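Biologist: I'd like to go through this one label by label. Can you show me the model and then back up the words you use for it?

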Amino acid sequence: ATTADAAGSAPPHFSQSMAQVHADDILANARCRLEDGGNGLEASQAILHRLRTRSIYKYVNEFVVPEEMLPHWKPVKASDVTECQSMGDGVHLTPDMIRVHNVKIDYTKKNRDPVTMVSFFTNFDDDMSYKIDADKVSSMLPRCFEERRVRVFSTSADQKVIEAVDRAFTSYQRRHIGREATIHSTPTRPAGAKRPRELYED
């Protein structure tokens, strides 16, 4: 199965990205513990506890990388976002307050049409194969066979931090893409609204 087949030819839901960034943190901390004897195990346990109590990272926003930038696009790091924070924002962001999930969907051929790699035969017992040009197949074929999108999460549930991350993320887009490309604005919690009660206790 190809990457696109596994994803259903559509980007994974942001909840899958959320699970991925949590898993990445758990494995990175555990590896740190094994390699240098640090406190990675304790950090991993703390993340697992957050998952158990539903105190998970908060989804902020995402954008789709423009098609013309795909050939030279590099994965975005948390530090790339914090570097775009404006002065006087009220919240000083650090890379450990942000998690970035770089999503990539393709047919394992980057931006190449996978059908160009397929050979066709007229009859079952033919020895000679041939290719079919895309314009002979359909005029409705996609012109791009790769998608990249960047999703950002906040490790803090503080609404001020979430909004600061969103502003820095928007600034990153303007600086590196030339425009704001986010899918939607970050929802804000109504004044006085309470968080869902934790499902588990210590």
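Biologist: Why is Cys84 called buried?

Modeller: First, keep in mind that this is a predicted model. Cys84 has a relative accessible area of 3%, and buried means under 20%. So 3% puts Cys84 in the buried class.

Biologist: And what makes Cys144 partly exposed?

Modeller: Its relative accessible area is 22%. Buried would need a value under 20%, and exposed a value over 50%. Cys144, at 22%, falls in between, so it is called partly exposed.

Biologist: How many disulfides turn up in the whole structure?

Modeller: The search comes back with 0. To count, a pair of cysteine sulfur atoms has to lie within 2.5 Å, so a result of 0 means that no pair passes that cut-off.

Biologist: Fine. What is the chain built from, in helices and strands?

Modeller: There are 6 helices and 3 strands, and along the sequence they come as α-α-α-β-α-β-α-β-α. Of the 202 residues, 33% are buried.

Biologist: What makes the sheet antiparallel, and in what order do the strands sit?

Modeller: The order is β1-β3-β2, in an open sheet of 3 strands with antiparallel pairing. The twist from one strand to the next averages 20°.

Biologist: How do you know that β2 and β3 pair?

Modeller: Pairing takes at least two bridges between the strands. β2 and β3 (residues 146–154) are joined by 9 bridges, so they count as paired. One of the matches is Ile105 with Glu147 in β3, and Ile98 stands opposite Ser154, also in β3.

Biologist: Why is β2 described as mostly covered?

Modeller: In β2, 7 of the 9 residues are buried. Each of those 7 has a relative accessible area under 20%, so "mostly covered" fits.

Biologist: Which helix packs on the sheet, and what does it touch?

Modeller: That's α6, residues 159–176, which touches β1, β2 and β3. Touching here rests on heavy atoms within 4.5 Å. The direction of α6 makes about 10° with that of β1.

Biologist: Last one: what share of the contacts with a separation of 6 or more comes from residues 24 or more positions apart?

Modeller: They account for 74% of those contacts in the protein chain. As for the surface, the chain exposes about 13300 Å², and 53% of that is supplied by carbon and sulfur atoms.

Methods:
Residues are numbered from 1 along each chain as its sequence is written. This is a predicted model: local features need pLDDT of at least 70, side-chain atom pairs count only at pLDDT 80 or more; totals for chains, interfaces and linings use all residues. Side-chain values use heavy atoms; hydrogens and water are left out. Buried means under 20% relative accessible area, exposed over 50%, partly exposed in between (1.4 Å probe, protein chains only). Helices (H or I, at least four residues) and strands (E, at least two) are DSSP runs, numbered from the N terminus. Accessible areas come from the Shrake-Rupley method with a 1.4 Å probe; for residues, only the protein chains shown count as cover. Axes are lines fitted to C-alpha atoms, for helices over the stretch in contact, and angles run from 0 to 180 degrees between N-to-C directions.
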